[in-house]
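Thanks for sharing this one. Here are a few points to read with the model open beside you.

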Number of protein chains: 2
Amino acid sequence: MQFKVTHHCPSSGARCGEITTLHGSFETPVFMPVGTQGSVKALSPEDLERTGVRILLANTYHLYLRPGHRLIERLGGLHRFMNWKGAILTDSGGFQVYSLSNLRKISEQGVTFQSHLDGSTHFIGPREAMDIQKALGSDVIMAFDECAPFPADHDYVRNSVRLTSQWARTCLECHESGAQALFGIVQGGVYPDLREQSARELASLGFDGYALGGLSVGEDRETRQRIVEGTVPFLPAEKPRYLMGVGKPEDILDGVTAGIDMFDCVLPTRNARNGALFTTQGPLSIKNACYAEDDRPVDEHCSCYTCTHFSRAYLRHLFMAKELLAYRLNTIHNLHYYAGLMSEIRQAIKEDRFTDFRRSFLEPPER
Amino acid sequence: MQFKVTHHCPSSGARCGEITTLHGSFETPVFMPVGTQGSVKALSPEDLERTGVRILLANTYHLYLRPGHRLIERLGGLHRFMNWKGAILTDSGGFQVYSLSNLRKISEQGVTFQSHLDGSTHFIGPREAMDIQKALGSDVIMAFDECAPFPADHDYVRNSVRLTSQWARTCLECHESGAQALFGIVQGGVYPDLREQSARELASLGFDGYALGGLSVGEDRETRQRIVEGTVPFLPAEKPRYLMGVGKPEDILDGVTAGIDMFDCVLPTRNARNGALFTTQGPLSIKNACYAEDDRPVDEHCSCYTCTHFSRAYLRHLFMAKELLAYRLNTIHNLHYYAGLMSEIRQAIKEDRFTDFRRSFLEPPER
């Protein structure tokens, strides 16, 4: 994986760059939709390409449990399995082990947990996380971390930072440098001193990129922004920075301002399946009765397949009737919106007007 | 609507023809997938076109209840509402009133029933059925009939034939000849004398086409075939014949043998959503564990999007994980299979080898 910074915003930490993988290049800041189980829900690979997606995230925890990483490896890896020609980033499984599984027990070696699918017992530590992600064959893999719960006291988080650094070293030892880029994950909760410590320790180990984990887990927006802005300076400027699990359009703008290059979140896809659509005029809930006879597209400024082919009235009908097509059309629209937002952000950075863009987005003159 | 017979099978009642509507032409025998609520479940209009679909069926009963025919009319009709450029046939609502609604009460004027959605009371008779279908703007509309339950005694069915003929006259009176073709529906249960009577009465009224209703409701295959073969001779040869709600590939071959030109059934689409796929090698249940690591396409002889892009292993994973993409990919495959079957049937008729084709399909040498 290659990364180069191509432009710096003169009045914020925002920057543009380009990442090149064995599965194509893309510009940053970039948003990665989530394909939890090896499918971005309701979309085909062609749908993703058409909405402008060049890199997606898949969940190691889910694919490990079902259908199994060895099965995917025997079938030629995740790209071939799901027939996706673009890039793939897999998370380490850590976050899902803590948030989805039952009866987890953390030791110095890793985490023992019960599957949320069938209650079976499993163990994932740094070695296993590297092994699983190698089998999946993703372009970017993540080090195994301990994501502290929120809230957690300073002592708990200090220990989680210690474990995360220890596991990061093990991940690097197991990692064969080659086709897969390995990112470290900075932990430290909402404690600036621990975030600094975690960032410094990981940076000294030398990863291909650095993620900020354990955010967007309950803390408020100001706290998150303070933590992100306080952490970025301790990460090497020549490596990509990835803010995990974020987020809302305004949160992405915050992250970009702080110098973040990569984002992922289930928000646009999950919201789409709940009928909550993003538009340039603000949010639109397609089940609202006011759209029953509305012949306009979801967003009159949108060029996505959904907006160029179907009315709000039809989309509302599909949603109310629980027609499967509703989920696909809504998801295409929301991902197109996110791709457009990221494209506008990059253009604004390149033209040295990002802070103006951000201000007018967050406080639109008339909305 | 224009219909012309282009070829007759020398050794059976099978025939090829061409139907031309304001929304395109297509060859017969034709299979119409079912888009109950104004959407063939899980597919976009482009998906349908790509699988070779040129005409689909939509359900008057469902669209009348939700979103309402007047709403669809105000939005420019069903074609525009669902953005479908091909032809549409709507049923009369009769069958669903009998099979889905509660507390129905049949009078000489029509049927009072309670909505399966919210229990509200509605009335549909022949005038209402014509009015609703006119509002929907479908290319082919169906007369309102009384579909007798199965089994039903001779007296009951005789009365249902009487009502159906009476309502057929009312439908013709209300129908403005023009863009929409109106088909009559032959009833008569499994009684040859009543089928003959119904067919003769409807034929004397002069419809644009004739359907056989009230079949595939529980009678065995031999009985159905006897009824179809016994009824067709009383229908005008120059008009299309439509066997409603049929069916399985073997039932379609039976119908074609008897001279049927049009078919519809939820089977390929519903089976797809249950993981039951049609292949040239016989049925395939994608959830079967034997496909977990099967790298082959569903059908190695199939050129559909699903078979040219995804393995059985991936389709099984999607199905087991209840991923929405599974329903779309499976449906594309099954409809492609049906389109291919109909194309092969037409080719065989044109080349005077339909009875051989039918025999080898029903009794394959090695399967």
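**Notes on the two copies and their contact**

1. Let me begin with the symmetry of this predicted model. A turn of 180 degrees, with a shift of 0.0 Å along the axis, lays chain B on chain A with an RMSD of 0.0 Å. The two copies are therefore related as by a two-fold rotation axis. Both chains use the same surface: 100% of the contact residues of chain B recur in chain A.

2. Which residue of chain B comes closest to the rotation axis? That is Leu324(B), whose C-alpha is at 3.8 Å.

3. Now to the contact itself, which takes 31 residues from chain A and 31 residues from chain B. On the side of chain B that touches chain A, the elements giving two or more residues are helix 3 (69–74), helix 4 (78–82), helix 13 (312–320) and helix 14 (324–350) of chain B. Helix 13 of chain B provides the largest share, five residues. Sorted by class, this side of chain B has 17 nonpolar, eight polar and six charged residues.

4. Please also look at a hairpin within chain A. Strand 8 (residues 111–114) and strand 9 (residues 121–124) of chain A run antiparallel and are joined by four bridges. Val111(A), for instance, has Ile124(A) in strand 9 of chain A as its bridge partner.

5. One backbone detail of that hairpin may be worth a glance. Six residues lie between strand 8 and strand 9 of chain A, and in this hairpin Gly119(A) takes a positive phi near 80 degrees.

Note on methods
Residues numbered from 1 in each chain as written. Chains lettered and ligands numbered in written order. Predicted model: local features only at pLDDT ≥ 70, side-chain atom pairs only at ≥ 80, totals over all residues. Contact = placed C-beta atoms within 7 Å. Nonpolar A, V, L, I, M, F, W, Y, C, P; charged D, E, K, R; others polar. Least-squares fit on C-alpha atoms with pLDDT ≥ 70 in both. Pairing = 2+ DSSP bridges.
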